[in-house]
Structures are given as structure tokens and as C-alpha cells.
Amino acid sequence: MKTENIAGDASRLYQAILPHLHPALWNDVRNTRTLAWMVSGLVLSQSVSIPSWLPHIHSQATVAQSTERRCRRWLENPAIDPGSVYGPLITRALREWGPHSLTLALDTSILFGRFCLIRVAVLYRGRAVPLVSRILEHASAQVSTEQLLPVLAEVKGLLDFLGLHDVRLLADRGFCDTALMGWLRVCGWHFRIRIKSSLILAAPDGQRVCTIGEIKLAARETRCFHNVTITGHRFGPVHVALGRPTDGPEQWQVVSDEPTSLGTFAEYGERFQIEEGFLDDKSGLFGLEDSKLRDAASLERLILVISVATLLLVSEGLQIVQQGVRRTIDPHWNRALSYLKLGLRGLLFALSRGRAVLNRLTLQGGADPASPGRRNKSQVSPMDAVEGGWVIRFRSPS
């Protein structure tokens with residue numbers, strides 16, 4: 001959806017974004033203004049291509065090349081630390097989270113075959129809002145725990161500042177490492193991590209039982225093991241849930257620090273929301289894959305621009321639902337759009353009519369007041385789990 005009054009839209013959107021970027025956090029107020037213009041250009045063009053931002057950036061420059069150079073210098077500026085810019089913004093949004101538990105997802109994504117994006121995101125009503133993102137020049141999605149811990153430590157610092165300690169981390173099998181689990185246990189965080197078939201399962205007394213892959217289940221069968229140890233290092237006690245949802249050979253294998261049940265698969269299934277977030281970044285909304293940047297530090301600042309836009313749009317979508325005006329922009333009887341898409345449509349709708357936007361920045365915890373009208377991977381029953389967009393059902397063990 002595009003608005004017609006582009007020049008007016010860009011100016012009003014810039015004026016709405018600027019107050020959220022506290023000038024005191026910057027070494028130069030001009031960097032604040034440039035970021036506000038870049039976020040405006042990204043939202044209105046829905047593209048990370050700098051030339052596509054130019055019609056939406058107002059400046060005293062008389063040639064387009066000057067404005068493009070301004071944006072590129074900002075992305076290449078070593079004095080701009082993405083964490084120090086985005087951290088205060090996301091903590092301000094989470095101040096009204098309340099006493100509710102916070103679910104995080106940890107995952108990686110490869111960019112241009114050369115860079116690895118490490119992200120920890122807040123799973124929020126069907127979408128993953130970036131919390132901390134880091135770019136490494138690393139051609140594999142597999143990263144070591146030593147590379148992950150600085151990212152997780154930054155997350156912990158933000159959550160401790162907010163007093164949010166009821167945290168659950170979800171991660172895929174690439175993060176199945178006892179050092180990581182031990183770190184999470186020291187932090188007091190809960191976890192649900194998918195584990196590999198080669199992992200050794202041992203009884204509480206340490207006696208080896210078998211590898212996970214040696215446990216064969218019938219289709220739609222589940223088994224839970226409590227107070228066991230895993231790997232040759234006998235890490236534990238932990239709890240393991242195994243499930244085979246179809247007649248195929250693949251089994252779901254999840255380790256948890258809390259007793260497991262059928263509901264463990266649904267809890268772990270929420271992790272796929274972060275993959276939807278990567279899709280929004282790359283091709284679904286912002287077109288990150290079209291970027292020509294090939295420098296890790298510059299890409300990390302570009303991810304900052306995308307993260308700011310995502311946070312603002314999700315917050316705007318939340319306000320639209322809370323104000324009871326969702327159906328003015330969503331043609332479905334029940335909500336069928338993500339909060340991100342609701343925020344984008346609502347923002348463009350309001351700008352085209354000269355209305356105020358982005359009045360408030362907040363992510364409030366608790367149940368979704370407008371759950372999707374159709375079943376998707378963000379709305380599963382305790383006996384369901386999700387894989388690659390499909391709902392997979394398990395049954396209770398006989």
C-alpha cells in the first residue's frame with residue numbers, strides 16, 4: 001500500500017520518529033536526524049536500497065548524490081554504536097511489559113554468503129521484535145558459544161536493567177551446547193533447545209542409557225524423560241521431550257530445564273516466529289537481500305535502521321488494536337495480519353489523511369487481545385507444534 005502525498009508523508013513521519021531517538025545519546029545531533037530520515041525512507045519505500053530512500057529524505061542538498069553520500073557516511077561511521085542507540089529504545093518499549101514472562105528466540109541467518117547475523121528477539125504476538133543483533137564476517141550459520149555469549153550478555157544487561165527475570169530462551173539444534181545451557185542456568189533463565197540425535201542420554205545416576213537417535217517412536221507418539229543427564233559430560237539434571245509427528249523418520253527432540261510434556265513442543269514451536277522476522281527483513285518487507293553493502297560494521301548499522309523501523313511499526317500496530325480501529329485498515333473480520341503489517345498499513349493510512357502517528361512506543365506483555373482468526377504458527381494448541389509453516393500434531397503416549 002502506497003500513499004499519494006509522498007513529500008508530506010515523509011516530513012510528518014520524520015517529525016514523528018525524531019522524538020523517539022533521544023538526542024542526548026548521540027555525539028552529534030546530525031546523526032540523530034539522519035537516522036530518523038533513513039527510517040522514514042525505509043518505511044515509505046519498503047526497501048533497504050539507499051537510492052529508493054532519496055525521494056523521502058528532505059535536505060538542503062541540490063543533487064541526489066549528496067544525500068546518498070550522507071546516508072553512506074552514516075552507515076560507515078565507526079562512532080555510531082548500534083547497541084548504544086537501539087538499547088535505550090527497546091528498553092523504553094519494554095518498560096510496560098508488566099509481570100508477564102518474556103520469551104526470547106536465538107537464531108542466526110546468513111547474508112550474501114559471507115556474513116552471519118546473530119539475533120536475539122522478543123517473541124511478541126506472532127512476530128519477533130529484535131532485541132540485540134550482531135553481524136560477523138562468518139560464512140556459516142553455525143557459531144560457537146564464545147561468539148554467542150557477548151550477545152547474550154548484552155541481552156541480560158538490558159533485561160536486568162528492566163527487572164525482567166522470568167525469561168525463557170528458545171533455540172534450534174545448532175545451539176545445543178552444554179556450556180550455553182550452563183550459562184542460561186546461572187542467569188536463572190529457562191530454556192527449550194532442540195537437540196541432536198547423537199546426544200547421549202544418561203540416567204540420573206550417570207549410567208549411560210542410549211543416544212537420542214536410538215529411541216524409536218511410532219508416528220504421533222511422544223515420550224518424556226525427567227531428571228536425566230545429557231552428553232558425555234553428564235550435564236544435568238535436565239528434562240527431554242521426544243516426539244514423532246508423522247510417518248517420516250524425523251523426530252522432534254527438545255531439552256528443557258523444566259519438566260517436559262506435550263506442551264513443550266508448542267512452547268518450542270514459538271521459535272519459528274524469528275524465522276518470520278528474518279523473512280520480513282530479507283524479502284517479505286524490507287528487502288535486505290537487495291543491499292549492496294559488503295562490510296560487517298555497515299551492515300550492522302543497516303540492521304539497526306531495520307530494527308528501529310520494526311519496533312516502531314509493531315508498537316503502532318499494538319496501538320491500533322488497543323484503540324479498536326483495526327478494521328479500518330484490515331479487511332478481515334478477525335485479525336489476519338501481523339502487528340508489523342498492521343502498523344505499516346495503519347501508519348500509511350494515517351499519513352495519507354494527515355493524522356498523527358507513532359505517538360507512543362510500547363510493547364505490553366500479556367495475552368493478545370486480537371488473536372489471529374485463522375490457525376497459524378503463532379497460535380497452536382498444547383498438543384500441536386509447528387515446523388516450516390505446517391501445524392504438526394502429537395498424541396499422548398498410550
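**Exercise 1. Is Asn-27 buried or exposed?**

*Solution.* Start by finding the residue in this predicted model: Asn-27 sits in the loop between α1 (6–17) and α2 (29–45). Next, take its relative accessible area, which is 57%. The cut-off for exposed is over 50%, so Asn-27 is exposed. To place Asn-27 against another residue, pick Asp-166, 139 residues away along the chain: their C-alpha atoms are separated by 35 Å.

**Exercise 2. Work out how α2 and α10 are arranged and which residues make their contact.**

*Solution.* Begin with the geometry: α2 packs with helix α10 (residues 296–322) at an angle of about 70°, and the axes are 9 Å apart. Angles of 65 to 115 degrees count as roughly perpendicular, and α2 and α10 are therefore roughly perpendicular to each other. Their crossing is right-handed. Now look at the side of α2, which contributes Leu-35, Met-38, Val-39, Leu-42 and Val-43. From α10 come Val-305, Ile-306, Val-308, Ala-309, Leu-312 and Leu-313. Finally, sort these residues by type: 11 are nonpolar, none polar and none charged.

**Exercise 3. Find where the model's confidence is lowest and where it is highest.**

*Solution.* First, the overall picture: the mean pLDDT of the protein is 89, with 91% of its residues at 70 or more. Then go to the extremes: strand β4 (residues 167–171) has the highest confidence, at 98, while strand β12 (residues 390–393) has the lowest, at a mean of 46. Residues 1–7 also have pLDDT below 50, with 13 contacts in the model beyond near neighbours in sequence. Over residues 386–392 the pLDDT stays under 50 as well, and the model has 21 contacts for them beyond four places in sequence. A word of care: where pLDDT is low, predicted coordinates should not be read in detail.

Definitions and conventions
Residues numbered from 1 in each chain as written. Predicted model: local features only at pLDDT ≥ 70, side-chain atom pairs only at ≥ 80, totals over all residues. Heavy atoms only, no water. Helix = DSSP H or I, 4+ residues; strand = E, 2+ residues; numbered from the N terminus. Buried < 20%, exposed > 50% of the residue type's maximum accessible area, 1.4 Å probe, protein only. pLDDT = per-residue confidence, 0-100. Contact = heavy atoms within 4.5 Å. Axes fitted to C-alpha atoms, helices over the stretch in contact; angles between N-to-C directions. Parallel < 35°, antiparallel > 145°, perpendicular 65-115°, else oblique. Left-handed = near helix turned anticlockwise from the far one by under 90°. Nonpolar A, V, L, I, M, F, W, Y, C, P; charged D, E, K, R; others polar.
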